[in-house]
Amino acid sequence: MTITVPVCIGDLEPIARDILSRNAWDYYASGADDMLTLRENERAFSRIRIRPQVLRDVSAIDIRTSILGSRVASPFGVAPTAMQRMANVDGEEATARACASLRVPMILSSWATTSLEDMYQGIGESVRWFQLYVYKDRRVARRLVERAAAAGYKALAVTVDTPYLGRRRADIRNKFKLPSHLRLANFSDESKQHVGAGPNETQQDSGLATYVAEQVDPSLSWKDIAWLKTVSPLPVVVKGVLTAEDARLAVEAGVSGIVVSNHGGRQLDGVSATVEALSEVIAAVDGQVEVFLDGGIRRGSDIFKAIALGAKAVFVGRPILWGLAYKGEEGVKWVLRTLEDELKLCMTLAGRCGDGERRMYLSR
């Protein structure tokens, strides 16, 4: 049966697949190698059980919270996803408008097809972070940080799990490159604007993998996080932590937050699902910094489980792209409202009205 009107995120995915080009679909949807971690990100949530409590007066459900001191309407936001104009002509601008209208936080990718300044023209105040890849030329990183601060971004999310790009077989088969009418809009240098400008028939990797190898610094270390803190007026969050050891090093480095992330299963295949790694990281930081999660969120109950395990908020990636492909700004709003409605219903049926005791609502 062909689905034309979605009622859940799962319905939306095949609709988006029919709309998107193969080049775009495979780039957005695929993971690394055998995609074991990509699938586990979703499956791991299904192994966590909710322990509902009844007769709790759930007539007033409140999902408002704060992240790094900014008040937001819900404990979820939009993860950084690159090159959104492959999904819709308005790309990141449509996503930003949807997020701002619903007071949902958004992280803009360094590899956006809309510049960080143009994103919020006419939108007004919103909670927005900027995701940063640290290039070999540190002047590029410094300039992006300065621009983000000047443009009103609230935090810097530094991706730390990508010294090289994971092996994404679909992109290799497609010889992925950014369509010629699009560019990475945050860069003025022509060599940094175009991904895979000329992969040839004998090239053994995707255009994006070649771009990362040429541009992104594989020598990045914790001392560079300390350097970023000296040049950034914004709070620094590290994105891509999965272990207690790295979580403790992040705290020692003075970061303001950690995103438990495996890059949507797109980097090292076979690592833990993010929700499986979450408790380890939460225990290691011991309340010293805020901990967030991305990866595998497909329903409101997934958000409930992550928050109950201790995450301050979660960030949603691929479903936003499916909504963007489906109906642009309205499609993104549909995804956000669906997740909000599902989360509220889950809280209602679990007997939880808002912040409070967390782990008592779950079992494994």
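**Note on helix α9, aromatic pairs, cores and cysteines**

1. In helix α9, Lys223 and Thr230 are exposed, on the side away from the helix's buried residues. Buried means a relative accessible area under 20%, exposed means over 50%, and partly exposed lies in between (1.4 Å probe, protein chains only). Helices (H or I, at least four residues) and strands (E, at least two) are DSSP runs, numbered from the N terminus.

2. The model is predicted: local features need pLDDT of at least 70, side-chain atom pairs count only at pLDDT 80 or more, and totals for chains, interfaces and linings use all residues. Residues are numbered from 1 along each chain as its sequence is written, and side-chain values use heavy atoms, with hydrogens and water left out.

3. Which residues of α9 (222-231) are buried? They are Asp224, Ile225, Leu228 and Val231. These residues lie on the same side of α9 because they cover an arc of only 120 degrees around the axis, the arc being that of the directions from the helix axis to the C-beta atoms. An α-helix has 3.6 residues a turn, so residues three or four places apart point the same way. The cover over the buried residues of α9 includes β6, α5, β7 (155-159) and β8 (236-241).

4. The model has 12 aromatic pairs. Rings of Phe, Tyr and Trp (its six-membered ring) pair if their centres lie within 6.5 Å; planes under 30 degrees apart count as stacked, over 60 as edge-to-face and the rest as tilted. Tyr27 and Phe176 are stacked, because their ring centres are 4.6 Å apart and their planes are at 15 degrees. Tyr27 belongs to helix α2 (22-29) and Phe176 to the loop between α6 (169-174) and α7 (190-193), so this pair ties together parts 149 residues apart in sequence. Tyr27 and Phe176 are both buried.

5. Trp111 and Tyr133 also form a stacked pair, at 4.0 Å centre to centre with 15 degrees between the planes. Trp111 is in the loop between β5 (106-108) and β6 (128-132), whereas Tyr133 is in the loop between β6 and α5 (138-150); the two are 22 residues apart. Trp111 and Tyr133 are buried. They form one aromatic cluster with Tyr135, Phe187 and Tyr211.

6. Two arginines sit over aromatic rings. A charge sits over a ring if NZ of Lys or CZ of Arg is within 6 Å of the ring centre and within 35 degrees of the ring normal. The charged end of Arg266 is over the ring of Tyr27, 4.8 Å from its centre. Arg138 lies over the face of Trp227, at 6.0 Å from the ring centre.

7. A nonpolar core is a set of buried Ala, Val, Leu, Ile, Met, Phe, Trp, Tyr and Cys residues joined through side-chain atoms within 4.5 Å. The largest such core has 110 residues, of which Met83, Trp111, Leu208 and Ile258 touch the most other members. Helix α13 (318-350) gives the most to this core, with 14 residues. Another core, apart from the largest, has 13 residues, among them Val72, Trp129, Val237 and Ala313. In soluble globular proteins, nonpolar side chains tend to be buried together.

8. What does Met83 touch? Leaving aside residues up to four places away in sequence, its contacts (heavy atoms within 4.5 Å) include Tyr27, Phe176, Trp111 and Leu208. Glu92 and Thr113 are also among the residues that Met83 touches.

9. Two residues other than glycine deserve a look for their backbone angles. Asp33, in the loop between α2 and α3 (36-46), has a positive phi of about 50 degrees. Lys175, in the loop between α6 and α7, has a positive phi near 50 degrees. Both count as partly exposed, Asp33 at 28% relative accessibility and Lys175 at 21%.

10. Ala283 is in helix α11 (274-285) and is exposed, with a relative accessible area of 56%. Its C-alpha atom is 7.7 Å from that of Ala244, which is 39 residues away along the chain.

11. How many disulfides are there? The count is 0, a disulfide being a pair of cysteine sulfur atoms within 2.5 Å. The closest cysteine sulfur to that of Cys8 is in Cys346, 15 Å away and so too far for a bond. For Cys353 the closest cysteine sulfur is also in Cys346, at 13 Å, again too far for a bond. Cys8 is partly exposed, with a relative accessible area of 27%, and Cys353 is partly exposed at 25%.
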